[in-house]
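Here are a few notes from going through this one, in no strict order. Have the structure open while you read.

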Amino acid sequence: MPSTPIISDCQKHGAPAGEKCTIKATGGGAYKYADLFKEKLGICLDKEDEMDCLVAGSNFLLKAVHTEAFTYMDGQKEFVQIDHDDLYPYMLVNIGSGVSMIKVDGPGKFERVSGTNVGGGTFWGLGRLLTKCKSFDELLELSHRGNNRVIDMLVGDIYGGMDYTKIGLSSTTIASSFGKAISDNKELEDYKPEDISRSLLRMISNNIGQISYLNALRFGLKRIFFAGFFIRGHAYTMDTIAVAVHFWSKGEAKAMFLKHEGFLGALGSFMSYEKHGFLNLKVHQLVQQSPVDAYHGGDKIHDPPNGELNENRSIDCSICLS
Ligand SMILES: Nc1ncnc2c1ncn2[C@@H]1O[C@H](COP(=O)(O)OP(=O)(O)O)[C@@H](O)[C@H]1O
Ligand SMILES: CC(C)(COP(=O)(O)O)[C@@H](O)C(=O)NCCC(=O)O
């Protein structure tokens, strides 16, 4: 699902009659939906580079929002205070359809150092085929109730229920995702969709956590921030990524997540108005509920674990056209 992170001031202010209305947009959606916007709304999409926007959005949030970054472990969310003078360098991992790993060295200074094609699209695509789920939310919901041990081959399955202590692997470590399916003499329909979804989510989140940490290590980066629409505040996803980073770093590094994780590109494309000479970008936090709350609410597992539902506030940005 290519995103269409677009923030418009046109609708608010209205374009003078006969004048072309143009708004900033980024991501695949800026290409995919350009004709639709033109045809249905008469709006031209002014495309901004996706990586530029992600980094601008992330830098902005980490500086402007006091409670933006948090760690997540064993169901506990802990906000991390970011020292503005000691923010860079850091690793930004954006998990959309695919995954981009970006080393950020300063405002507008970054390098996409790695990525993986096993990302959110893989979870949703494979999950849809394997479970017949009709929506991403349904697939995610299934994973809450599943047990990955039914399908994943654990170290204990290989070593007669024992830990492999010599190389530091506990019996419950996944030795091979989906590995049990080779020996079970079962067909797809013999597995519960819940268990399949859980295994898939663990496999993908674990893999992303591992690759991210190894890349952070490669560049000596202390901090890794995970963002992107794939995460959506989902406890189990964050937990798995955090465990992977903890495991591979032997406890040296901690995964951090961003409260407004799915909107970095949108925010960055909005901020590019400033770059193009629209001065007076005004930013202030509002107390209204953000879209993040909308899909976190009503579902227990998505609730912030320490009862901070009201913590999620939207960021209201406005520009004064000069
Ligand atoms: N409601 C949803 N519908 C589809 N995908 C979703 C949804 N919520 C989260 N996702 C995840 O987000 C991914 C797409 O992320 P997004 O940032 O929109 O992608 P892209 O950057 O490729 O445009 C999907 O592959 C899926 O894993
Ligand atoms: C091509 C992309 C930058 C597009 O971003 P997305 O729409 O997935 O958020 C991303 O899918 C990606 O980084 N894919 C991984 C490609 C790779 O490094 O193997």
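1. A definition first, since the helix packing below depends on it: axes are lines fitted to C-alpha atoms, for helices over the stretch in contact, and angles run from 0 to 180 degrees between N-to-C directions. Also keep in mind that this is a predicted model.

2. Now the helix pair. The axes of α4 (residues 50–64) and α10 (residues 264–275) come within 7 Å, crossing at roughly 95 degrees. Angles of 65 to 115 count as roughly perpendicular, so that is what α4 is to α10. On the α4 side the contact includes E50, D52, C53 and L54, while α10 brings in L264, G265, L267 and G268, among others. By type, the residues of this contact split into nine nonpolar, six polar and two charged.

3. M51 deserves a look of its own. This residue lies in helix α4. It has 18 C-beta neighbours inside 10 Å, and so counts as partly exposed; buried would take 20 or more. Setting aside neighbours within four places in sequence, M51 touches S100, I102, F110 and R112. As for L264, M51 sits 213 residues away from it in sequence but 9.8 Å away in space, C-alpha to C-alpha.

4. On to the interior. The largest nonpolar core has 60 residues, and those with the most contacts inside it are L92, V93, I224, F225 and F226. Helix α8 (residues 193–218) gives the largest share of this core, eight residues. Apart from it there is another core, of six residues, including A25, A30, I43 and L45.

5. What does L92 touch, not counting residues up to four places away in sequence? The partners are L54, V55, S58, I102, V104, F225 and A227. L54, V55 and S58 turn up in the α4 contact with α10 as well, and I102 is also a contact of M51.

6. Ligand 2 has 11 residues around it, and G96, S97, G98, S100 and G115 come nearest. Strands β7 (99–106) and β8 (109–116) each supply at least two residues of this shell. Its make-up is two nonpolar, nine polar and no charged residues. S100 also ties back to point 3, being a contact of M51.

7. Finally, the overall numbers. The protein's secondary structure comes to 11 helices and 14 strands. Of its 322 residues, 38% are buried. Among contacts with a separation of 6 or more, 67% join residues 24 or more positions apart.

How values were computed:
Residues are numbered from 1 along each chain as its sequence is written. Chains are lettered from A and ligands numbered from 1 in the order in which they are written. This is a predicted model: local features need pLDDT of at least 70, side-chain atom pairs count only at pLDDT 80 or more; totals for chains, interfaces and linings use all residues. A nonpolar core is a set of buried Ala, Val, Leu, Ile, Met, Phe, Trp, Tyr and Cys residues joined through C-beta atoms within 7 Å. A residue is buried if 20 or more other C-beta atoms lie within 10 Å of its own, exposed if 12 or fewer, and partly exposed in between; C-beta atoms are placed from the backbone. Helices (H or I, at least four residues) and strands (E, at least two) are DSSP runs, numbered from the N terminus. Two residues are in contact if their C-beta atoms, placed from the backbone, lie within 7 Å. A residue is near a molecule or strand if its C-beta atom, placed from the backbone, lies within 6 Å of it. Ala, Val, Leu, Ile, Met, Phe, Trp, Tyr, Cys and Pro count as nonpolar, Asp, Glu, Lys and Arg as charged, and the others, Gly among them, as polar. Angles under 35 degrees count as roughly parallel, over 145 as roughly antiparallel, 65 to 115 as roughly perpendicular and the rest as oblique.
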